[in-house]
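Let's take a walk through this one together. Have the coordinates open and follow along.

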Amino acid sequence: MSTGREIVVGNTGGVVAGDAMLELQSVHKRFGGLHAVNDVSFRVEPGCIKAVIGPNGAGKTTLFNLIAGNLPVSTGTIHFQGQEIQGKKPYQIAQFGLARTFQNIKLFHGMTALECVMVGRHVQSRAGFFSGMFSLPSAWKEERAIRAASMELLELMQIADYADVEATSLAFGQQRAVEMARALAAEPKLLLLDEPAAGLNIYETAEVARLICRIRDMGITVLLVEHDMSLVMDISDEIVVLSFGKKLAEDAPLNIQNNAEVIKIYLGEDDAITA
Amino acid sequence: MKKRKPLALAALCLLVVCIHLVTILTGSQFYLTQLTMAAYYGLVIIGLGTLMGYAGQISLGHAGFFAIGGYLSASLTTRNLASLQGTWPVKGLDSLHMLKIAQDLSGEQLITVAPWAACCCAVAAAALIALVIGIPVLKLKGHYLAMATLGFGTIIYRILLASPYFGEADGISEVPGFTLLPAMGTFHPIMVSGAANLRVANYYLAWGVLILGMGLLLNLIGSRVGRALRSLHSSEEAAEAAGIDTSRFKLHVFVLSAVYAAIGGVLLTHFNGGIGPSEASVMKSVRYVALVAVGGMTNLWGTLIMGVGLTFLSLRGVFGTFDDAVFGMILIFVMLFAPDGILSLRLQQLRKAIFSGGRP
């Protein structure tokens, strides 16, 4: 691992033995009459890549929003490194060491790619209003470190050439890379990737797969939602299958491929349709 | 960007000196009075520009903060506290050496708060009010935030207009100047005052304060906090995901811009020797917003140049009785043809924009 500098995070730092990186216990989410997430429980072990799959409308993104704190949980608990995080604000959860990307890319308008990634360094830096306004030496040094670390991430993503280009004017795949760099800039312990391969061609998808494995090798646990089966099957250590908000299966990729229930919801079944 | 910032500030300093020289050569030094006033208004406008342009939060109540600063400082330095002598607030102020004891024309004792102390109290009060108002109000977005801050501005205006302590419709006059450095030897004292012999000193003082304020804001925008503000402007959700406490940052920049407005209000009031309720009126708030828009929201330099320039013309009475109408027109024009500010337009674009009916 030649690129890893202090971005490498010890994934067991502060974790009590036996604690999962992330643990969901009978999580429910209701939107009025719609039961979007229904009694979902699973664990994400430190250092693995776990995928959440399911047909459209299965509640995958809702689940992500519950974990990241963008939506309140109806009932159930979510533990991150043994600490309860449901009910916490998204920024607090981010400060605990959980970073995410968005399905519909959310980059900052009017900022260069480099600046977007520098925003990601927020939790790893201190300078406040006062030191910023008076440009104190401490803020100044910190700023240089932020810039250097962000630039390295752009290099890791192979988009360093576009550092000074406005992020929102980049090509789709590059925007996605900027977003991932922004998430990594926070030096997270757990990275949530919401459809990292959506809209990418097969070559780009293969590149993303390599990248995710590399992120895992840096010691960052990865939880992803994905539609692209080849990607999920290739890289995941474990897969959770959701259907209509319920957990249908949780197993290694090979077993999931042979799971009759899973095949039924993905491919349909003759008697399921006629019944 | 990094190298250009001190250069631009130095150029502005040079421009300030040049304008002074030109007024000497043309014998029109009376312009310096309005240029001084425009600089103090400029302080309000760049503070609001940071709030609106960078953090993306609108405020239609900034004339309120300007007035809180000006009125509090004016009332504390003019209202006689002799009847309250012996009560704890006056004793407390006295023990902190914050009182000025003199005798009025009829020989009665006149106890007022010293201008420097009044200034500090006024700015602190504005910051505190901004904090208390900001906590609930900044939960709102877009039009709702505009309406809530408009409501705040209206309340301040009505309070000033209705309370005898603040002089009702007459406002407060005979506000003393305030001394920054006492007279030393042959030097005049350095004080914020409209006295004719201090005109040049006050011109440089006002522009010094404005350039300092500008430099601090430019530093802020280029810093980690500035990036956080710009990011929450674009997407609060993504900013939160990056670990940014968006509500705290919004509140702090709101308070900061209120402090800029209050400092502008305090200094202008002591310079003018008085303040009237029109300074708190809603039209003033609208004018500040219009000036930020004319300068081009996310362009602090544009905001400064257009803001001070138009305010100067307005103070010279160029727009006559149509003053408010002109600022209304400017707002319409900017929104239609130059949403990124007048300075963003090139002449050709402007012609095209007008004849194609907007949206260049």
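Start with what "buried" means here: a residue is buried if 20 or more other C-beta atoms lie within 10 Å of its own, exposed if 12 or fewer, and partly exposed in between, with C-beta atoms placed from the backbone. You are looking at a predicted model, where local features need pLDDT of at least 70 and side-chain atom pairs count only at pLDDT 80 or more, while totals for chains, interfaces and linings use all residues. Residues are numbered from 1 along each chain as its sequence is written, and chains are lettered from A and ligands numbered from 1 in the order in which they are written.

With that in hand, go to helix α12 of chain B, residues 300-315 (helices are DSSP runs of H or I, at least four residues, strands are runs of E, at least two, and both are numbered from the N terminus). Its buried residues are B:Leu300, B:Gly302, B:Thr303, B:Leu304, B:Met306, B:Gly307, B:Val308, B:Leu310, B:Thr311 and B:Ser314. An α-helix has 3.6 residues a turn, so residues three or four places apart point the same way. What do the buried residues of α12(B) pack against? The partners are α2 (31-54), α7, α11 (282-295) and α13 (323-337) of chain B, where contact means that two C-beta atoms, placed from the backbone, lie within 7 Å. The length works out too: at 1.5 Å a residue, the 16 residues of α12(B) should span 22 Å, and the end C-alpha atoms are 22 Å apart, which agrees. That expected span is 1.5 Å times one less than the number of residues. Just after α12(B), B:Gly317 takes a positive phi of about 80 degrees.

Now zoom out to the whole of chain B, with its 14 helices and 6 strands. Its radius of gyration is 21 Å, close to the 21 Å that the globule rule gives for 360 residues, so chain B is as compact as a globular protein of that length. (The radius is taken over C-alpha atoms, and the rule is 2.2 Å times the number of residues to the power 0.38.) The C-alpha atoms fill a box of roughly 70 × 55 × 40 Å along the principal axes, and 46% of the 360 residues count as buried. Of the contacts in chain B with a separation of 6 or more, 75% are between residues 24 or more positions apart.

For a spot with fewer neighbours, try B:Leu84, in the loop between α3 (62-78) and α4 (88-95) of chain B. B:Leu84 counts as partly exposed, with 14 C-beta neighbours inside 10 Å.

Over to chain A, which comes to 11 helices and 10 strands. Here the radius of gyration is 19 Å, close to the 19 Å that the globule rule gives for 275 residues, so chain A is as compact as a globular protein of that length. Buried residues make up 43% of the 275, and the C-alpha box is roughly 70 × 40 × 35 Å along the principal axes.

Chain A is divided into domain 1 (1-97 + 188-275) and domain 2 (109-186), with bounds that come from an automatic or database domain assignment. The C-alpha centres of the two domains lie 26 Å apart. Where they meet, 12 residues of domain 1 are in contact with 9 residues of domain 2. On the domain 1 side, α2 (90-96) and α7 (202-217) of chain A each supply at least two residues. That side divides into 7 nonpolar, 3 polar and 2 charged residues; Ala, Val, Leu, Ile, Met, Phe, Trp, Tyr, Cys and Pro count as nonpolar, Asp, Glu, Lys and Arg as charged, and the others, Gly among them, as polar.

Two chain A loops deserve a stop. Most residues other than glycine have a negative phi. A:Gln158, in the loop between α5 (137-156) and α6 (172-185) of chain A, has a positive phi near 60 degrees. A:Glu187, in the loop between α6 and β7 (190-194) of chain A, has a positive phi near 50 degrees. Which of these settings is buried and which exposed? A:Gln158 is exposed, with 12 other C-beta atoms within 10 Å, whereas A:Glu187 counts as buried with 20 C-beta neighbours inside 10 Å.

Finally, put the chains together: the contact takes 25 residues from chain B and 31 residues from chain A. On the chain B side, α7 (199-221), α8 (224-234), α9 (236-241) and α10 (246-272) each give two or more residues, and α8(B) gives the most, with 8 residues.
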